[in-house]
Amino acid sequence: MRVAIAYPLQMSATRGVPLRGADDGDAGGKGGSGGKLDTATITKPKTKSKRPSLYRVLLLNDDYTPMEFVVLILQDVFNKTREEAMQIMLHVHNQGVGECGVFPFEVAETKVTRVMDAARKNQHPLQCVMEKQ
């Protein structure tokens, strides 16, 4: 998509030479545009912004972190319902790893940090990582 913007110009944008309209002749010794300004159209291509890379946030299983703590983390940090949190927690318990969500880099990084801080504060070895999708 192109956007056209018209600006009144007194000098040529390419050569720095005064612009002359069709009725700007030097007849009669009069120079200039007679009070009229010429306009030029400047087009600026609209650039498309690309989507940010997404990252998966994963919880890793360990044998020491209580299941209830993992459920609370999933509810608090990832805004999961109790049922969703239970399903993810059981998947982590049985498979060794489970996905908590997919987010842009900054959001994923913040969530990993929140999980790790909560685990450390409560003296649990729970690990949370992120990987590019």
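The side chains of D76 and R114 meet in a salt bridge, with 3.6 Å from N to O. Because D76 lies in helix 1 and R114 in helix 3, this pair ties together parts of the chain that are 38 residues apart in sequence. R114 itself counts as partly exposed, at 38% relative accessibility. The model in which this pair is found is a predicted one, and the account below moves outward from the pair to the helices, the sheet and the loops.

**Overall make-up**

The secondary structure of the chain comes to three helices and five strands, and from the N terminus on these elements follow the order β-β-β-α-α-β-α-β. Of the 133 residues in the chain, buried residues make up 23%. Among the contacts between residues at least 6 apart in sequence, 69% join residues that are at least 24 apart.

**Helix 1 against helix 3**

The D76 and R114 pair sits where two helices meet. The axes of helix 1 (residues 67-78) and helix 3 come within 11 Å and cross at roughly 145°, and the crossing is right-handed. On the side of helix 1 the residues that take part are F69, I73, D76, V77 and F78, and they meet K111, R114, V115, A118 and A119 in helix 3.

One residue of this set deserves a closer look. K111, which lies in helix 3, is buried yet has no salt bridge, and the nearest side chain of opposite charge, D76, is 9.3 Å away. Since a salt bridge requires a side-chain nitrogen of Lys or Arg within 4 Å of a carboxyl oxygen of Asp or Glu, the separation of 9.3 Å between K111 and D76 does not qualify under that cut-off. Leaving aside residues up to four places away in sequence, K111 touches V77, F78 and F103. D76, by contrast, has R114 as a salt-bridge partner.

**The sheet and the helix across it**

An open sheet of three strands has the order 4-3-5, with antiparallel pairing. Strand 4 (97-104) and strand 5 (127-132) stand at the edges, each with a single partner strand, so one side of each is left without a neighbour in the sheet. Neighbouring strands of the sheet are turned by 25° against each other on average, with direction ignored. Strand 3 (residues 54-60) is joined to strand 5 by six bridges, and the two run antiparallel; L60 stands opposite Q127 of strand 5.

Helix 3 (residues 105-121) lies across strand 3, strand 4 and strand 5, and runs at about 165° to strand 5. Helix 3 thus has contacts on record here both with the sheet and with helix 1.

**Salt bridges**

A search of the whole structure finds five salt bridges. Three of them, including the pair that opened this report, are set out below.

| Salt bridge | Distance, N to O |
|---|---|
| R56 and E99 | 2.5 Å |
| R82 and E68 | 3.0 Å |
| D76 and R114 | 3.6 Å |

With R56 in strand 3 and E99 in strand 4, the R56 and E99 pair ties together parts that are 43 residues apart in sequence. R56 is partly exposed, with a relative accessible area of 26%, and E99 is likewise partly exposed, with a relative accessible area of 35%. R56 and E99 also belong to a network of salt bridges that links them with E131.

The R82 and E68 pair links distant parts of the chain, with R82 in helix 2 (residues 82-95) and E68 in helix 1, 14 residues apart. R82 counts as partly exposed at 36% relative accessibility, and E68 is partly exposed, with a relative accessible area of 40%.

**Two loop residues with positive phi**

Two residues in loops call for attention on account of their backbone angles. N79 has a positive phi of about 55° although it is not a glycine; its place is in the loop between helix 1 and helix 2, and at 62% relative accessibility N79 counts as exposed. Q123 has a positive phi of about 60°, and Q123 is not a glycine either. The place of Q123 is in the loop between helix 3 and strand 5, where Q123 is exposed, with a relative accessible area of 72%.

Terms used:
Residues numbered from 1 in each chain as written. Predicted model: local features only at pLDDT ≥ 70, side-chain atom pairs only at ≥ 80, totals over all residues. Heavy atoms only, no water. Pairing = 2+ DSSP bridges. Helix = DSSP H or I, 4+ residues; strand = E, 2+ residues; numbered from the N terminus. Axes fitted to C-alpha atoms, helices over the stretch in contact; angles between N-to-C directions. Contact = heavy atoms within 4.5 Å. Buried < 20%, exposed > 50% of the residue type's maximum accessible area, 1.4 Å probe, protein only. Lys, Arg positive; Asp, Glu negative; His and termini not counted. Left-handed = near helix turned anticlockwise from the far one by under 90°.
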